[in-house]
Amino acid sequence: MADPMTVPGWRDLRGSAALLEDDAVLVLDKPAGISVTGERHGTDLVELAGQAGERLFPAHRVDKVTSGVVLFAKDLATHGGLTRQFNKRTVDKAYLVVTGTTGLPERGTIELPLSVGRKNRVRIAAAREDIRADEEEGRWWVEEDDLLDVKNYPSATRFRTLWSDGTYSVLLALPVTGRRHQIRVHLAWIGHPIWGDPLFDKGAAAAGLRTHLHAWRLAFDASWLDGGRVEAVADPDDGFWRPLAGSLPPDAVARLLREGAEAAGKASRPSS
């Protein structure tokens with residue numbers, strides 16, 4: 001069996017992206033542009049590790065275009081315990097988002113059920129004009145009677161506006177549920193799509209834009225460490241902040257991250 005650290009590609013990625021590791025788990029700061037698993041048209045992280053002789057089991061997924069924290073188990077027993085935590089929603093997840101919009105309230109909750117439409121595209125399970133909004137209260141929802149006659153999945157995302165100027169906003173997104181494309185679809189359907197998201201900006205990929213969605217913080221219980229709470233944090237790289245370079249200097253980014261970490265900590269849910 002190959003030594004994982006001698007296989008080009010995986011050796012370099014693992015060496016630069018590893019955030020936490022012990023005998024049970026590996027946590028990586030995933031670059032944007034590579035899938036976690038199940039990639040049909042290229043290489044994904046699980047396959048890349050497997051080619052190097054390392055077997056990893058993703059406890060959750062983030063989209064290919066999303067950067068940031070991804071948690072892998074090294075064995076099936078650990079994987080089962082971690083996936084149960086995600087299913088029970090005892091894992092704390094915090095994302096950073098840049099939008100090319102302004103006008104969102106300081107904090108809000110998006111409670112919009114998702115469905116799967118044509119070509120397997122995730123969408124809100126209602127017509128756009130039926131989305132209700134109380135921006136003073138910071139809430140978006142649809143009435144039960146307005147739901148489409150399709151299978152739908154209750155979905156909720158909380159957010160905080162950390163910074164905004166006349167063009168862009170930086171949000172802290174706290175998904176309560178963990179549906180596929182949830183943050184991306186929720187924000188787009190209330191009129192605030194993520195900057196560079198190819199789901200809603202067809203020219204983004206052609207223009208070489210990255211999607212400014214970053215899995216920033218992840219906290220989970222480690223039963224193999226006497227049940228202690230483990231938090232993994234991956235601050236975004238400079239490329240994430242590039243659209244804001246003219247108005248958000250490094251000291252302001254550091255302050256924003258401190259405020260976001262405090263907000264994420266206050267919003268965290270106790271483990272059970």
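In this report, Ala, Val, Leu, Ile, Met, Phe, Trp, Tyr, Cys and Pro count as nonpolar, Asp, Glu, Lys and Arg count as charged, and the others, Gly among them, count as polar. With those classes, the lining of the largest pocket has 16 nonpolar, 15 polar and 16 charged residues. The model is predicted.

## Open pockets

Rolling a probe the size of a water molecule over the atoms shows where empty space is left. The largest pocket has a volume of about 1700 Å³. Its lining is made by 47 residues, and D63, V122, R180, H181 and R184 are the closest to the centre. Which elements supply at least two residues each to this lining? They are α3 (76–88), β5, β8 (122–124) and α4.

The second largest pocket holds about 190 Å³ of space. Here 17 residues form the lining, and D92, K93, E231, A264 and S268 lie nearest the centre. Two or more residues each come from β5, β12, β13, β14 (228–233) and α6 (250–267). By class, this second lining has eight nonpolar, two polar and seven charged residues.

## Closed cavities

How many cavities of 30 Å³ or more does the structure hold? There are two. The largest has a volume of about 40 Å³. Its lining consists of H60, V62, V69, K93, A94, Y95, A215, W216, R217 and L218. Strands β5 (92–99) and β13 (213–222) each supply at least two of these residues. β13 gives the most, with four.

The second largest cavity contains about 30 Å³ of space. I110, T157, F159, L171, A173, I183 and L187 line this second cavity. The elements giving two or more residues to that lining are β11 (156–164), β12 (169–175) and α4 (182–189).

## The linings by class

The table sets out the classes for each space.

| Space | Volume | Nonpolar residues | Polar residues | Charged residues |
|---|---|---|---|---|
| Largest pocket | about 1700 Å³ | 16 | 15 | 16 |
| Second largest pocket | about 190 Å³ | eight | two | seven |
| Largest cavity | about 40 Å³ | seven | one | two |
| Second largest cavity | about 30 Å³ | six | one | no charged residues |

## Shared parts

Some names come up again. K93 lines the largest cavity, and K93 also lies among the residues nearest the centre of the second largest pocket. Strand β13 supplies residues to the largest cavity and to the second largest pocket. Helix α4 supplies at least two residues to the lining of the largest pocket, and α4 gives two or more to the second largest cavity.

How values were computed
Residues numbered from 1 in each chain as written. Predicted model: local features only at pLDDT ≥ 70, side-chain atom pairs only at ≥ 80, totals over all residues. Heavy atoms only, no water. 1 Å grid on protein atoms, 1.4 Å probe; cavity = no way out; pocket = protein on both sides within 12 Å on 5 of 7 lines; lining within 4 Å. Points joined across faces, edges and corners; volume = space filled by probe spheres on them.
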